[in-house]
Amino acid sequence: MIKPDAVADGNTGAILKMIEEAGFKIVAMKLTLLSDERAGQFYEVHKERPFYNDLKKYMSSGKIVAAILEKDNAVADFRKLIGATNPEQAEEGTIRKKFAKSIEANAVHGSDSDENAQIEGSFFFAGTEQFA
Ligand code: CMP
């Protein structure tokens, strides 16, 4: 997912270019706006965390780009490409190093396992013909 700050700043194209150049195939994609409630559902695993309410507010503050990506070793390779959650700790050349503003407004989200990638893909694309 490309998060609201990155979409609002006009960084969608540059981020997608980095993703494609790293060998990922975009198999489904959409620009959409999450409600506070839907953002809360997406990040349900973090609901006990102190940043949960702020995270919901931020993730529903503007449009996001949701995408399903395909590649061998996709989860690990994508996490390497995006860099650490906190951009101050993200390595040079990563998407977050380049585009993230803070630990919250960190430009992109990547699934942390194949299982969660399936769940998160369904969250945005279930019932659509792109989601095969
Ligand atoms: P993401 O990888 O999408 O997973 C959870 C999100 O919560 C994270 O990126 C950030 O956008 C946000 N977040 C805000 N504060 C924190 C924090 N202290 N630790 C981890 N994630 C945070």
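Ala, Val, Leu, Ile, Met, Phe, Trp, Tyr, Cys and Pro count here as nonpolar, Asp, Glu, Lys and Arg as charged, and the others, Gly among them, as polar. With that division, the shell of residues around the ligand in this predicted model splits into four nonpolar, four polar and three charged. The shell consists of K3, Y43, H46, F51, L55, T85, R96, I103, E104, N106 and H109.

Oxygen atoms of the ligand take part in several polar contacts. A polar side-chain atom of Y43 is placed 2.6 Å from a ligand oxygen. N106 also brings a polar side-chain atom to a ligand oxygen, at a distance of 3.1 Å. For E104 the atom concerned belongs to the backbone, an N or O atom lying 2.8 Å from an oxygen atom of the ligand. Taken on its own, the ligand has 450 Å² of accessible area, and the protein covers 80% of this.

One residue of the ligand shell, L55, is also among the buried residues of helix α4. This helix spans residues 52-59, and its buried residues are Y52, L55, K56, Y58 and M59. Viewed down the axis of α4, these buried residues fall within an arc of 165 degrees, so they line one face of the helix. They pack against α1, α3 (residues 36-42) and β2. On the face of α4 turned away from the buried side are the exposed residues N53 and K57.

K56 deserves a separate look. Buried means under 20% relative accessible area, and K56 has 16%, so K56 counts as buried. Leaving aside residues up to four places away in sequence, K56 touches D36, A39 and G40.

Helix α2, residues 12-21, can be read in the same manner. Its buried residues are T12, I15, L16, M18 and I19. Seen down the axis of α2, they fall within an arc of 155 degrees, so they too line one face of their helix. The cover over these buried residues includes α1 (4-8), β1 (25-32), β2 (64-70), α5 (74-82) and α6 (95-99). Just after α2 comes G23, with a positive phi of about 100 degrees.

Positive phi also turns up at residues that are not glycine. In general, most residues other than glycine have a negative phi. N73 departs from this, with phi near 55 degrees. N73 sits in the loop between β2 and α5. Is N73 buried or exposed? At 52% relative accessibility, N73 counts as exposed.

A107 is not a glycine either, yet has a positive phi of about 75 degrees. Its place is in the loop between α6 and α7, the latter being residues 114-125. A107 is buried, with a relative accessible area of 0%. Which residues does A107 touch, not counting residues up to four places away in sequence? They are M1, I2, K3, D5, A6, Y58, F99 and A100. Among these contacts, K3 also belongs to the shell around the ligand, and Y58 is one of the buried residues of α4. A107 and I2 are 105 residues apart along the chain, but their C-alpha atoms are separated by 5.9 Å.

Two exposed residues in regular secondary structure remain. L31 lies in strand β1. The cut-off for exposed is over 50%, and L31 has a relative accessible area of 52%, so L31 counts as exposed. L31 still touches V7, K63, I64 and V65, with residues up to four places away in sequence not counted. The C-alpha atoms of L31 and A105, which stand 74 residues apart along the chain, are separated by 18 Å.

The other residue, A8, is found in helix α1. A8 has 68% relative accessibility and so counts as exposed. From A8 to K25 is 17 residues along the chain, and the C-alpha atoms of the two are separated by 24 Å.

Technical notes: Residues are numbered from 1 along each chain as its sequence is written. This is a predicted model: local features need pLDDT of at least 70, side-chain atom pairs count only at pLDDT 80 or more; totals for chains, interfaces and linings use all residues. Side-chain values use heavy atoms; hydrogens and water are left out. A residue is near a molecule or strand if one of its heavy atoms lies within 4 Å of it. A polar contact is a pair of N or O atoms within 3.5 Å; within protein, one must be able to donate a hydrogen and the other to accept it, and residues adjacent in sequence count only if both atoms are side-chain atoms. Accessible areas come from the Shrake-Rupley method with a 1.4 Å probe; for residues, only the protein chains shown count as cover. Buried means under 20% relative accessible area, exposed over 50%, partly exposed in between (1.4 Å probe, protein chains only). Helices (H or I, at least four residues) and strands (E, at least two) are DSSP runs, numbered from the N terminus. The arc is that of the directions from the helix axis to the C-beta atoms. Contact means heavy atoms within 4.5 Å.
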